[in-house]
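Me: I have a structure in front of me and would like to go through it slowly, one question at a time. Could you reason each step out for me?

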Amino acid sequence: YPVESIRNFSIIAHVDHGKSTLADRLLEITGAISKTDHNKQVLDKLQVERERGITVKAQSASLFYNHEGINYLLNLIDTPGHVDFSYEVSRSLSACQGVILVVDANEGIQAQTVANFYLAFEAQLSIIPVINKIDLKNADPERVEKQIEKLFDIPRDECIRISAKQGTNVEKVLQYVIEKIPPPQCNTADPLKALVFDSTFDHYRGVIANIALFGGEIAKGQKIVSAHTKKRYEVNEVGILTPNEQPTHKLYAGQVGYLIAGMKEVTEAQIGDTLFLYKQPVEPLPGFKSAKPMVFAGMYPIDQTEYNNLKSALERLTLNDSSVTVHRDSSLALGAGWRLGFLGLLHMEVFNQRLEQEYNMSVILTAPTVPYKAVLSSAKLKKEYGKDEITIINPAQFPDKLSVSEYLEPTVLGTIVTPHEYIGKIITLCQDRRAVQKDMLYIDENRVMLKYLFPLNEIVVDFYDALKSLSSGYASFDYEDAGYQSADLIKMDILVNGNPVEELATIIHRDKAYAAGKLLCERLKETIPRQLFEIAIQAAIGKKIIARETLKAYRKNVVAKCYGGDITRRMKLLKRQAEGKRLMRKIGNVEVPRDAFIRVLKRE
Ligand code: GDP
Ligand code: MG
């Protein structure tokens, strides 16, 4: 395939607007997959993706398409829609020259449509606007076209109206891809320059790197060098994704494909790295800004004997998800473990679910915290840390007010898109979350875009759920980093019969501590099963108790009831209890469900 007949593109959209369904149709039209009901959301390979119906990892597929007598090679990269994964989106875009921007004909432009549009716009990519789900009864493509024109300055007659589900007009999308997206600008005669834009780990074959060739060609047997590690490798296999791996003789400039080159260590295939030929060094490509974790939590094995297994599972999973940061950590109560940084709470839950499903690991996760900062005033601490300002990602390391001149908290600029009837309730919610309004714009007669500056910790856990429920699911939300601001922070402990529950310690704004402490105690009371003695559940700031709940004793002995009864029944019961115990964690003499904090914080 000459470079002129290659097109590299992504599909971007708000979550649920139909990216994966459109990708399926494109795969069908080009013969990559057959038309059966089993082929739903083919690019969503992970179990967690299929279960949750969301895309987490960007996947690619090469499509072959003949248009007006010319054979084209179209490389499609599917992207996740959720705000937590926008890092994946911008990474995918670096391998593309254009995007298909999908907007639901019924829902219209949503918060992530806006965010994704700007990612593509800033990367100077060609944008093909597509209005999907025109088969729906309430579809109003005309209104959506007006929104696109008003907000993105794209003439309404450039939009394609489609139904990805029924296949209507999908062929036209492919024609637009060929006509409106430029081919990559690079040359096979140049020295090899390959961008590693993603990588996965295979138990048998080692690291599989997804690469985009910005110059030259690559084939089995060649010696290559990583610009990042300076290590040398011999290429074992190259190929394209159709969407399954299909080995090819060579990959050429402009193509997107995969490479296996005996990289065994998880750290060897750095995403954003440039690969070149051993004898022909090149200037590395700019690479990527590393993903910035917004949410941190401690992770510990339930049983310390599992430490090494968990360590290797973490190493493998973080190769597939390089946006997670990992630092070793330890705690008196929980033993040796790690402090992990995630892009958001959904990202953290998905990561945890993948650990369980793909690596069969169960872990203790602590309450999430955002990265706070403290400007130190104590000479002793300054010396200890070797700096005047520290970042706090673990409540256990929260420095006392006496040694700090100022605490700082991270903020984000949030975008909310909503039908106007919910504005009142949403403004109240935002004020309750200590947010400051920055902008308000009507994108059509009854749809409004609001911009607010939020303290990050106010939106991390349940803001999105609250917003969805008060707008009957109609409001959408996205956010971007907006730096730090001064804040009156304190550390709040949760005690169970006087023993601190380390995974529930939180750093919190002083004005919010009393209400939050009371709520945490109440919910914990509902979550902890009653035991043979009374349990006091308390919230405390330092030595001061600010809230208390009491869980009454449970008298009946479940096993006693079975004495003298059927022995197998008794064994079964004991076994079931033992299984239940693995999901429990002891705090003093009290048994608390391991996943208590997620349930406590999220009120499921
Ligand atoms: P993604 O989150 O953007 O990848 O969206 P999906 O492709 O997973 O689609 C979300 C939901 O919308 C699924 O239930 C699809 O079946 C449905 N959907 C996608 N395209 C269409 C369409 O053209 N018409 C209708 N009626 N439903 C669609
Ligand atoms: Mg999807």
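Me: Is Phe398 buried or exposed?
Reply: This is a predicted model, and the accessibility of a residue is computed from it. Phe398 has a relative accessibility of 15%, and a residue under 20% is placed in the buried class. Because 15% falls under that limit, Phe398 counts as buried.

Me: Which class does Tyr407 fall into, buried or exposed?
Reply: The relative accessibility of Tyr407 is 3%, and the limit to compare it with is again 20%. Since the value lies under that limit, Tyr407 counts as buried.

Me: What kind of aromatic pair do Phe398 and Tyr407 form?
Reply: The structure holds 13 aromatic pairs, and Phe398 with Tyr407 is one of them. Their rings are 4.8 Å apart from centre to centre, with 15° between the planes. Planes under 30 degrees apart are given one particular name, and so the pair of Phe398 and Tyr407 is stacked.

Me: What kind of pair do Tyr452 and Phe454 form?
Reply: Tyr452 and Phe454 are both buried, and their ring centres are 6.0 Å apart. The angle between the planes is 45°, which is neither under 30 degrees nor over 60. The pair of Tyr452 and Phe454 is therefore tilted.

Me: Which residues form one aromatic cluster with Tyr452 and Phe454?
Reply: Tyr452 and Phe454 make an aromatic pair, but they also belong to a cluster that takes in further aromatic residues. The others in that cluster are Phe463, Phe477 and Tyr479.

Me: Which helix gives the most residues to the shell around ligand 1?
Reply: There are 16 residues around ligand 1, and the closest are Asp16, Lys19, Ser20, Thr21 and Asp135. By class, this shell has three nonpolar, eight polar and five charged residues. The element that gives the most to it, with three residues, covers residues 19-29 and is helix 1.

Me: How much of the accessible area of ligand 1 does the protein cover?
Reply: Oxygen atoms of ligand 1 have polar atoms of the protein around them, including one in the side chain of Ser163 at 3.2 Å and a backbone N or O atom of Lys165 at 3.1 Å. A polar backbone atom of Ala164 is 2.9 Å from an oxygen atom of ligand 1. On its own, ligand 1 has 580 Å² of accessible area, and the part of this that the protein covers is 82%.

Me: Where is Asp16 found, and what is its phi?
Reply: Asp16 is found in the loop between strand 1 and helix 1, and its relative accessibility of 55% makes it count as exposed. Although Asp16 is not a glycine, its phi is positive, at about 75°.

Me: What is the relative accessible area of Asp153?
Reply: Asp153 is found in the loop between helix 5 and strand 6, and its phi is near 65°, a positive value in a residue other than glycine. Asp153 is exposed, and its relative accessible area is 67%.

Me: Which residue has a side chain joined to that of Lys544 by a polar contact?
Reply: Lys544 is in strand 31, and because its relative accessibility is 49%, it counts as partly exposed. Leaving aside residues up to four places away in sequence, Lys544 touches Tyr514 and Ala539. The polar contact, of 2.8 Å, joins the side chain of Lys544 to that of Tyr514.

Notes:
Residues numbered from 1 in each chain as written. Chains lettered and ligands numbered in written order. Predicted model: local features only at pLDDT ≥ 70, side-chain atom pairs only at ≥ 80, totals over all residues. Heavy atoms only, no water. Helix = DSSP H or I, 4+ residues; strand = E, 2+ residues; numbered from the N terminus. Buried < 20%, exposed > 50% of the residue type's maximum accessible area, 1.4 Å probe, protein only. Contact = heavy atoms within 4.5 Å. Polar contact = N/O pair within 3.5 Å; in protein donor to acceptor, adjacent residues only side chain to side chain. Near = heavy atom within 4 Å. Areas by Shrake-Rupley, 256 points an atom, 1.4 Å probe, with all protein chains shown as cover. Nonpolar A, V, L, I, M, F, W, Y, C, P; charged D, E, K, R; others polar. Phe/Tyr/Trp six-rings, centres within 6.5 Å; stacked < 30°, edge-to-face > 60°.
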